[in-house]
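Q: I'm new to reading protein structures and I get lost when I try to take in everything at once. Please pick one part, go through it slowly with me, and then follow it to whatever it leads to.

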Amino acid sequence: MLSIPLPASPKITLHKTSDGYVIRDNEKNMKMSLSFDDYSKILLDNKKHQLNKIFKAKNSSILDCTGGFARDAAVLASLGNNITLIDRNPLIMSLLVDAREKIKSDDIRYIFSRIKIRFGNCIEFIRNTSKHFDYIYFDFMFNINKSALPSKNEQFLREIVKNDINENIDIIHETIQRVKSKIIIKEHISSNDYDIFDIINTYKGKTVKYHLLEGKSGYRKIYKQ
Ligand SMILES: C[S@@+](CC[C@H](N)C(=O)[O-])C[C@H]1O[C@@H](n2cnc3c(N)ncnc32)[C@H](O)[C@@H]1O
């Protein structure tokens, strides 16, 4: 078994086992691996998912800028969209690539065939791509404690991912200037981090809300690097 300590968080280590990658929290004595077959229930209920009401047009091309464990991307792909998923965290990328290789269900494998997985910072990708996406999706880590009983995956995500709201705001600001796409931002129902933007509509659920914005490339002075 190969064990790789992560510089950003020494208490979390990545292990390559015969069953694929496992991450371990050595302080809490917890471990997790990622299985996309576990998403079957949420994907069966995809029509009832809030994302189905927000991404109204089907067959859309969607850039998921904050891939994480790809739950949202999987729902969006299962609804018939084509996704390019980006994540800049190497540990999350290892789990994603490993989980995709381990898929057992043909249905889930088909859904994930609609998801391209890319490593890197989403704003670098946006600066360098010539492809037009119908939608650009952001789900940065929430700034508040999401729930009293977070799932194991959520607990690990909180340990692994560093979040800087000012950086996130800058990324959204620059994206608006660079694209003509519709932009969707997810945030916790009780936070208001994105009020500074021209929000066209907000779709509210029980615990999260989604804001719809519009890219303004071509309308105003283009953002200078
Ligand atoms: C809350 S999670 C997203 C969860 C995801 N929507 C899901 O359904 O599993 C946020 C993710 O965004 C990634 N992230 C944050 N800022 C990023 C950036 N600038 N570029 C690429 N990925 C980023 C983090 O590494 C983290 O994995």
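A: We'll start with one helix, move on to what it packs against, and finish at the ligand.

One thing to keep in mind throughout is that this is a predicted model.

Find helix 8, which covers residues 165-178. Here's a quick check you can do yourself. The helix has 14 residues, and at 1.5 Å a residue it should span 20 Å; its end C-alpha atoms turn out to be 20 Å apart, so the expected span and the model agree.

Now look at how the helix begins. Asp164 caps the N-terminal end of helix 8. A side-chain oxygen of Asp164 sits 3.0 Å from the backbone nitrogen of Asn166.

Next, see which side chains are tucked away. The buried residues of helix 8 include four isoleucines, Ile169, Ile171, Ile172 and Ile176. Asn168, Glu174, Thr175 and Gln177 are on the buried list too. What do these buried residues pack against? Their partners are helix 6 (122-128), strand 8 (135-138), strand 9 (182-188) and strand 11.

Let's follow strand 11, residues 208-214. Strand 11 runs antiparallel to strand 10 (residues 201-204), and four bridges join the two. For one pairing you can spot by eye, go to Tyr203: its bridge partner in strand 11 is Tyr210. Between the two strands, a hairpin of three residues makes the connection.

Now for the ligand. It has 21 residues around it, and the closest are Asp72, Asp87, Asn121, Cys122 and Asp139. Backbone atoms get involved as well. A backbone N or O atom of Phe69 is 3.1 Å from a ligand oxygen, a polar backbone atom of Ala70 is 3.2 Å from a ligand oxygen, and a backbone N or O atom of Arg71 is 3.3 Å from one. Taken alone, the ligand would expose 610 Å², and the protein buries 94% of that.

Ala70 is worth a last look. You'll find it in the loop between strand 5 (61-64) and helix 3 (71-78). Its phi is positive, near 65°, even though Ala70 isn't a glycine. Is Ala70 buried or exposed? Its relative accessibility is 1%, so Ala70 counts as buried.

Asn29 makes a handy contrast. It also has a positive phi, about 55°, without being a glycine, and it lies in the loop between strand 3 and strand 4 (30-32). But Asn29 has 69% relative accessibility, so it counts as exposed.

Technical notes: Residues are numbered from 1 along each chain as its sequence is written. This is a predicted model: local features need pLDDT of at least 70, side-chain atom pairs count only at pLDDT 80 or more; totals for chains, interfaces and linings use all residues. Side-chain values use heavy atoms; hydrogens and water are left out. Two strands pair if DSSP finds at least two bridges between them. The expected span of a helix is 1.5 Å times one less than its number of residues. Buried means under 20% relative accessible area, exposed over 50%, partly exposed in between (1.4 Å probe, protein chains only). Contact means heavy atoms within 4.5 Å. A polar contact is a pair of N or O atoms within 3.5 Å; within protein, one must be able to donate a hydrogen and the other to accept it, and residues adjacent in sequence count only if both atoms are side-chain atoms. A residue is near a molecule or strand if one of its heavy atoms lies within 4 Å of it. Accessible areas come from the Shrake-Rupley method with a 1.4 Å probe; for residues, only the protein chains shown count as cover.
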